[in-house]
Amino acid sequence: MVGGYYYSQKFNQRDISFASGATGDALGTNASQVASIENTAVFGLAAWDITDRLTVQAEVRYQRETKTLIDRASATSIFCAGEADSAVLFGFAGTCLAQGEWTGTDPRITVNYTTTGGTLFYAVYGQGRKPGGFNGTAGTGVGSPTYAEEIVKGGEIGVKWTLS
């Protein structure tokens, strides 16, 4: 089996208050931001019956995620990464950081052995990830404008059987 995945989101955040009404304050004013996320992945799975009792299944997933953000807390607190086109609107005169990009390949392997009596012994190993991103103005104030991706590795060993 082979497959693909695509996700894209662009959003504008505005502060809505009693003074601004339902449309909110204009983009580029305090408490507003423009951001985007794009994630593309391809994955595959192959299974082999080694014997009539032993099977092995291997999976792999490659993904690439990019993120941009311009975030304004106040006229003196603006964070910009990959949104240079919006910098003037937000009153940002500095240099934008590059857009964030996180890529990775994650494997998963499963081995199953079934006895003649129907008891299943299995072992699974896998890895997964959550891409990093930007903390914006809140993170800049404490010296953490970005956060790193998270990679998780795990496994499971088990037995399944039917009680009579």
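In the predicted model, the side chains of Arg 129 and Asp 106 meet in a salt bridge with an N to O distance of 2.9 Å, a salt bridge being defined as a side-chain nitrogen of Lys or Arg within 4 Å of a carboxyl oxygen of Asp or Glu. Arg 129 lies in strand E6 (residues 120-130) and Asp 106 in strand E5, so the pair ties together parts of the chain that are 23 residues apart in sequence. Helices (H or I, at least four residues) and strands (E, at least two) are DSSP runs, numbered from the N terminus. Asp 106 counts as buried at 6% relative accessibility, and Arg 129 is likewise buried, with a relative accessible area of 19%; the classes are buried under 20% relative accessible area, exposed over 50% and partly exposed in between, with a 1.4 Å probe and protein chains only. This is a predicted model, in which local features need pLDDT of at least 70 and side-chain atom pairs count only at pLDDT 80 or more, whereas totals for chains, interfaces and linings use all residues. Residues are numbered from 1 along each chain as its sequence is written, and side-chain values use heavy atoms, with hydrogens and water left out.

Arg 129 also meets the side chain of Glu 149 in a salt bridge, at 3.1 Å from N to O. Because Glu 149 lies in the loop between strand E8 (146-147) and strand E9 (150-160) while Arg 129 belongs to strand E6, this pair ties together parts that are 20 residues apart in sequence. Glu 149 counts as partly exposed, at 26% relative accessibility. Asp 106, Arg 129 and Glu 149 are thus linked in a network of salt bridges.

The search of the whole structure finds 5 salt bridges, among them one between Arg 108 and Glu 59, whose closest N and O atoms are 3.3 Å apart. Arg 108 lies in strand E5 (residues 100-114) and Glu 59 in strand E3 (residues 54-74), so that this contact ties together parts 49 residues apart in sequence. Both ends are partly exposed, with a relative accessibility of 39% for Arg 108 and a relative accessible area of 24% for Glu 59.

The strands that carry Arg 108 and Glu 59 are themselves paired, since 14 bridges join E3 to E5, which run antiparallel, where two strands are taken to pair if DSSP finds at least two bridges between them. Within this pairing, the bridge partner of Lys 67 in E5 is Gly 100. Strand E3 also pairs in the antiparallel sense with strand E2 (residues 32-49), over 18 bridges, and the partner of Gly 44 in E3 is Val 60; a hairpin joins E2 to E3 through 4 residues. With strand E4 (residues 77-81), E3 pairs in the antiparallel sense over 5 bridges, Leu 69 having Ala 81 as its bridge partner in E4, and E3 and E4 form a hairpin with 2 residues between them.

Strand E4 also contributes to a disulfide, which joins Cys 80 to Cys 96 with an S to S distance of 1.6 Å; the rule, a pair of cysteine sulfur atoms within 2.5 Å, yields a count of 1 disulfide. The link of Cys 80 and Cys 96 is right-handed, with 65 degrees about the S-S bond. It connects distant parts of the chain, Cys 80 being in strand E4 and Cys 96 in the loop between helix H1 (87-90) and E5, 16 residues apart. Cys 80 is buried, with a relative accessible area of 3%.

Two aromatic pairs, given as 2 by the search of the whole structure, were identified by the criterion that rings of Phe, Tyr and Trp (its six-membered ring) pair if their centres lie within 6.5 Å, with planes under 30 degrees apart counted as stacked, over 60 as edge-to-face and the rest as tilted. The rings of Phe 79 and Phe 134 have their centres 5.7 Å apart and their planes at 50 degrees, so this pair is tilted. Phe 79 lies in strand E4 and Phe 134 in strand E7 (residues 133-134), and the pair therefore ties together parts that are 55 residues apart in sequence. Phe 79 and Phe 134 are both buried. Trp 102 and Phe 134 form an edge-to-face pair, with 6.2 Å centre to centre and 65 degrees between the planes; Trp 102 is in strand E5 and Phe 134 in strand E7, 32 residues apart. Trp 102 is buried, with a relative accessible area of 15%, and Phe 79, Trp 102 and Phe 134 form one aromatic cluster.
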